[in-house]
Structure formats: C-alpha cells, structure tokens
Amino acid sequence: MQKAWSNLVKLFLHFWFPRTCFACGRDLAWNHQAPLCPSCEASLTAPGPLICQRCGAVLKSGGAHCYACRGSKTRQYKCALIRSSFVFNTSSRALVHGLKYARADYLARYMGKLMGRRFAQHPELAGAEVLVPVPLFPKRGRRRGYNQSELLARQLARHIGLPVDTQALARVRNTVSQTKLNRQGRLQNMAGAFLCKRPFDIKGKVVLLVDDVATTGATLEGCAQALRAAGAKKVLAYTFARE
Ligand SMILES: [Zn+2]
Ligand SMILES: [Zn+2]
C-alpha cells in the first residue's frame, strides 16, 4: 500500500516537474532513479585497458608506465597509486561539474555508489584502511557549502566499509587555478599546500585519498606528501573520473 502511494506521488511529481538526464537533458521515465538516462549511464567508461601502473593515466601504446612515471621517477612520488572509476567524457564530466559547480550535492550519492561498485576492479587498492577526502581551502568550502570530495568519500565508505577521516588533512594555502599550469607548475603549486593536522590518526596507516577528478595527479601528490610526512605507511588515491 505504501509502495503504491509512493509511486502515485512520483507519478504526480513527474507530471508537474519532469526530471531530465543530467548529461543529455532527455526526459527520464517517472520511475527512473539515476540522474543519468540509461544510454548516458552506459557511456560511462572505465579507463583502459592499458593504464599507467602508477598514476592510472590511459596509455595509448604499450608499456607499464606513462612518461611522467617511467623508470626511477615512480619511486619519487609519495602517492603510490592513482586509480579512477571512469574516464572523463560527456557523461562523467556532467556529473563532476554538477557536483562541483551547480550545487547538485545529491549527485554524490549516485557517484559514490558507482565508485563503490567499481572499487573491486582495483585489487591494488584493497589494503586501504582509511578514506581521506582531498580538502578544500576553507574559504572555498564555505562558498560552496560543501566539499565534493568529502561527499564522495562518505558515500564510497558506505559501500566499501572503511572509515572516513575528514579532520586529518587540511589545505593550508590557497592554490592558484591549475588549468593554465603545466605538469611541473602544478606540482610546485601543490607542494606545501596541505598539512596533516592529526599525525597520530594517520601514523602507520594505508590511506586512500578520495577526489572527484585526477588530471596530472598534482593535488593528490600534494596531499600524499603531507600524509607521508606525518607518518602514513602508504598513500593510494581513488577518483571518480580521470582526465
Ligand atoms: Zn542522457
Ligand atoms: Zn603515470
């Protein structure tokens, strides 16, 4: 009876406020749950089949590592591994931008669920003990009202059964926008931008950083530097999308 009522309410709402696909704008069926239509959802694609063993970047030709991670360079990174659920395409971009810029915080539930489902595809992340979302600079977080990485981490945590630590890491320096910087510039921009405020919570642990997008991995590297300096045993990273 309750189900029938809830369906009736949904049908009524659909009539007055039809929901549309977040990516392509097509109308969604009245009983469709996800924010993407079935074809946009189907277009969400995992990176690969060939990816860099360290940073997870899609490799066009063979080899184990991308140019930036090749040879002895791999060992210099404090972030040991970066893995992502999906490549950046029209559908994943719509979700990331919606969560980040359109105040569509409800998307985190769906995105975190997808991240949780795809998590098992990356057995190399299985040793993680605690999730740490990439923090925002406080002023930026206040303006948006939430930190999108924290919302994703909390949803992901529900699916993979790990604790979330939102207090361990802080962004202590506001960084300039990364879009115009090259790889080296991005790494320098992020060095020293983060600080581990609670080393005792992190010491000796395998930390899994969570963020919405990885581009060059500079932000994740900045976080990993702070966490390793505070005594983290290992730092891994998992993002929703890979640019
Ligand atoms: Zn669509
Ligand atoms: Zn790489």
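Count up the salt bridges in this predicted model and you get 4. Three of them are walked through below, with a look at where their partners sit and how open they are. After that comes a zinc ion (ligand 2), which is held by four cysteines, C52, C55, C66 and C69.

**A salt bridge between distant parts of the chain**
- E124 and R83 pair up through their side chains, with N and O 2.6 Å apart.
- These two come from distant parts of the chain, with their positions 41 residues apart.
- On one side, R83 belongs to strand 1 (residues 79-87); on the other, E124 sits in the loop that runs between helix 5 (107-119) and strand 2 (130-133).
- Buried or exposed, what is R83? R83 is buried: its relative accessible area is 2%, and the cut-off for buried is under 20%.
- E124 is partly exposed, at a relative accessible area of 32%.

**A salt bridge inside one helix**
- Which residue does E150 form a salt bridge with? The partner is R154, and the closest N and O atoms are 3.2 Å apart.
- Both E150 and R154 are part of helix 7 (residues 148-160). They are 4 residues apart, which is about one turn of the helix.
- Both ends of this pair are partly exposed: E150 has a relative accessible area of 25%, while R154 comes in at 39%.

**One more salt bridge**
- D201 and R198 make a salt bridge too, their closest N and O atoms being 3.9 Å apart. That still fits, because the rule asks for a nitrogen within 4 Å of a carboxyl oxygen.
- D201 is partly exposed, with 30% relative accessibility.
- R198 is also partly exposed, at 40%.

**The zinc site**
- Four SG atoms coordinate the zinc ion (ligand 2) at 2.3 Å, and they belong to C52, C55, C66 and C69.
- What is the geometry of the site of the zinc ion (ligand 2)? It is tetrahedral, with angles of 103 to 117° among the 4 donor atoms.
- For reference, the ideal angle for four tetrahedral donors is 109.5 degrees.
- Along the sequence, the donor residues follow the spacing C-x2-C-x10-C-x2-C.
- C52 and C69 both lie in the loop between helix 2 (38-42) and helix 3 (73-76), so this pair ties together parts that are 17 residues apart in sequence.
- As for accessibility, C52 is buried, and C69 is buried as well.

Technical notes
Residues are numbered from 1 along each chain as its sequence is written. Chains are lettered from A and ligands numbered from 1 in the order in which they are written. This is a predicted model: local features need pLDDT of at least 70, side-chain atom pairs count only at pLDDT 80 or more; totals for chains, interfaces and linings use all residues. Side-chain values use heavy atoms; hydrogens and water are left out. Buried means under 20% relative accessible area, exposed over 50%, partly exposed in between (1.4 Å probe, protein chains only). Donors are N, O and S atoms within 2.8 Å of the metal (3.2 Å for Na, K and Ca); water is not among the atoms, so sites may look incomplete. Four donors count as tetrahedral if all angles lie between 85 and 135 degrees; four count as square planar and six as octahedral if opposite donors are over 155 degrees apart and all others between 65 and 115; anything else is irregular.
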